[in-house]
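Grab a coffee and work through these exercises with the model open beside you. Try each task yourself before reading the solution under it.

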Amino acid sequence: MILFIKPISLDDIKSLEDVYKEVFSGFPWYEDFACKKCKSLYTNKTIQEESKERVFKLGNLENCLKCNFPLELVSYYPEIIDQRKLIREACIMQGFVGYLALRENRAMGFSWGFSVPSTRTESVNFPEVIPKLTSLKIMPCQAFYGAETGIIEADQGKGLGKLLVSQRTLKAFQMGYRTFVNRTINPRMRKILGDLFSRKEPRLLFKDPETGSQWFSWDFQDFNLELAEQINRGVKERGFFTSLK
């Protein structure tokens, strides 16, 4: 099985739009359907234990289990968040770094980030986040935001996320950033990043003012260049042959 990792370009946007929705409708996010009124999450998929507080199982429901209003469901993407706008916006952000995983021309996963911007994006209210960063002595102009990483559920647990994240973070390191910042609910992502930053624990920053997700940071002075280069040279990982394109 040949897996190609390639830098994301504007030509990849359609592939990204489709795989983005597939990724985040699955574990651990389950951003599949939502109550139109309160945006509570619902799914028909089997919910793994660690996500059961995040999402409701769809059934024969008349009212929303959270707001108790008559349940009217909408697709989370693009009705709640328009992933098409989010992706197109990201690709033209200053300092954009992104990689796409392909198998037989089908997108399987992605990872991207960019310089911390001063303006609001589709998913982050940076005008509210930036004062919180600066109060913690993190200079936004010297910080790389690890925006998005996702692997389709069927291909999780095979080392693909680690490969994509290490390639993206290596590139950010080479660009001279001082700090890596991100927000995530995924403990697996924190583990991958922690390994890349010499197994240092992340600095816990603050809860996102809109989503409540935890923000983290690492110093690039702790970045393990040797490990990242080893991962990115192209190795067999659980049945995958990886080749950087």
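How many salt bridges does a search of the whole structure find?

Solution. The search finds 15 salt bridges, where a salt bridge is a side-chain nitrogen of Lys or Arg within 4 Å of a carboxyl oxygen of Asp or Glu. Before you go on, note that this is a predicted model: local features need pLDDT of at least 70, side-chain atom pairs count only at pLDDT 80 or more, and totals for chains, interfaces and linings use all residues. Residues are numbered from 1 along each chain as its sequence is written, and side-chain values use heavy atoms, with hydrogens and water left out.

**Exercise 1. Work out where the salt bridge of Asp18 and Lys14 sits.**

Step 1: the two side chains meet at 2.8 Å, N to O.
Step 2: both residues belong to helix H1, 4 residues apart, about one turn of the helix. Helices (H or I, at least four residues) and strands (E, at least two) are DSSP runs, numbered from the N terminus.
Step 3: Asp18 is partly exposed at 45% relative accessibility; buried means under 20% relative accessible area, exposed over 50%, partly exposed in between (1.4 Å probe, protein chains only).

**Exercise 2. Find what the salt bridge of Glu210 and Arg120 ties together.**

Step 1: their side chains meet at 2.9 Å, N to O.
Step 2: Glu210 lies in the loop between E10 and strand E11 (214–219), and Arg120 in the loop between strand E7 (106–115) and helix H4 (126–135), so the pair ties together parts that are 90 residues apart in sequence.
Step 3: Glu210 is partly exposed at 42%, and Arg120 is partly exposed at 44%.

**Exercise 3. Lay out the open sheet of 4 strands.**

Step 1: write down the order, E4-E3-E2-E5, with mixed pairing; two strands pair if DSSP finds at least two bridges between them.
Step 2: mark the edges, strand E4 (55–57) and strand E5 (73–75), each of which pairs on one side only.
Step 3: zoom in on strand E3 (residues 41–43), which pairs with E4 in the parallel sense over 3 bridges. There, Thr43 has Lys57 of E4 as its bridge partner.

**Exercise 4. Track down the backbone oddities around Pro28, Pro78, Ser198 and Arg199.**

Step 1: the peptide bond from Phe27 to Pro28 is cis, with omega near 0°, and Pro28 sits in the loop between helix H1 (13–24) and strand E2 (33–35).
Step 2: the bond from Tyr77 to Pro78 is cis too, with omega near 5°, but Pro78 is in helix H2 (residues 76–80).
Step 3: Ser198 has a positive phi near 60°, and Arg199 has a positive phi of about 60° although it is not a glycine.
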